[in-house]
Amino acid sequence: MEEKLFERIRESLGERRQNLTKWSDGAPSRKKQVLLGPAPEDAVQAHLHTIDTALEKAASETLGRCEAVSYT
């Protein structure tokens with residue numbers, strides 16, 4: 001992938017992370033409960049972890065890379 005594409009991906013993921021963190025830290029419990037539905041509140045932390053992993057892969061330009069393992 002092009003460097004510009006990785007840059008756009010990193011920017012987008014960074015914005016998502018920032019917005020989710022801000023919401024998680026500032027939203028009242030009742031609003032979180034309504035928006036999360038049956039999902040537990042720690043699902044937000046799990047999603048932040050997923051975003052962090054994607055950010056690391058985008059930084060190393062390995063996001064979307066398929067690695068095959070041969071068992072011969």
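Let's start with helix α3: its 18 residues reach 26 Å from the first C-alpha to the last, close to the 26 Å expected at 1.5 Å a residue. Keep in mind that this is a predicted model.

Now look around α3. V44, L48, I51, A54 and A58 are buried. They cover an arc of only 120° around the axis, so they sit on the same side of α3. What do these buried residues of α3 pack against? Their partners are α1 and α2, the latter spanning 29-36. Turn to the face of α3 that points away from the buried side, and you'll find the exposed residues D42, H49 and E56.

For a view from the other side of that packing, pick S24, which belongs to helix α1 (residues 3-26). With a relative accessible area of 10%, S24 counts as buried, because the cut-off for that is under 20%. Which residues does S24 touch, once its neighbours within four places in sequence are set aside? The contacts of S24 are K32, V44 and Q45. V44 is already familiar as one of the buried residues of α3.

Finally, follow the chain out of α3 (42-59) into the segment after it, where E61 is found. Just after α3, the backbone does something worth a look: E61 has a positive phi of about 55°, although E61 is not a glycine. Most residues other than glycine have a negative phi. Is E61 buried, partly exposed or exposed? Its relative accessibility is 33%, so E61 counts as partly exposed.

Technical notes
Residues numbered from 1 in each chain as written. Predicted model: local features only at pLDDT ≥ 70, side-chain atom pairs only at ≥ 80, totals over all residues. Heavy atoms only, no water. Helix = DSSP H or I, 4+ residues; strand = E, 2+ residues; numbered from the N terminus. Buried < 20%, exposed > 50% of the residue type's maximum accessible area, 1.4 Å probe, protein only. Contact = heavy atoms within 4.5 Å. Expected span 1.5 Å × (residues − 1). Arc of directions from axis to C-beta.
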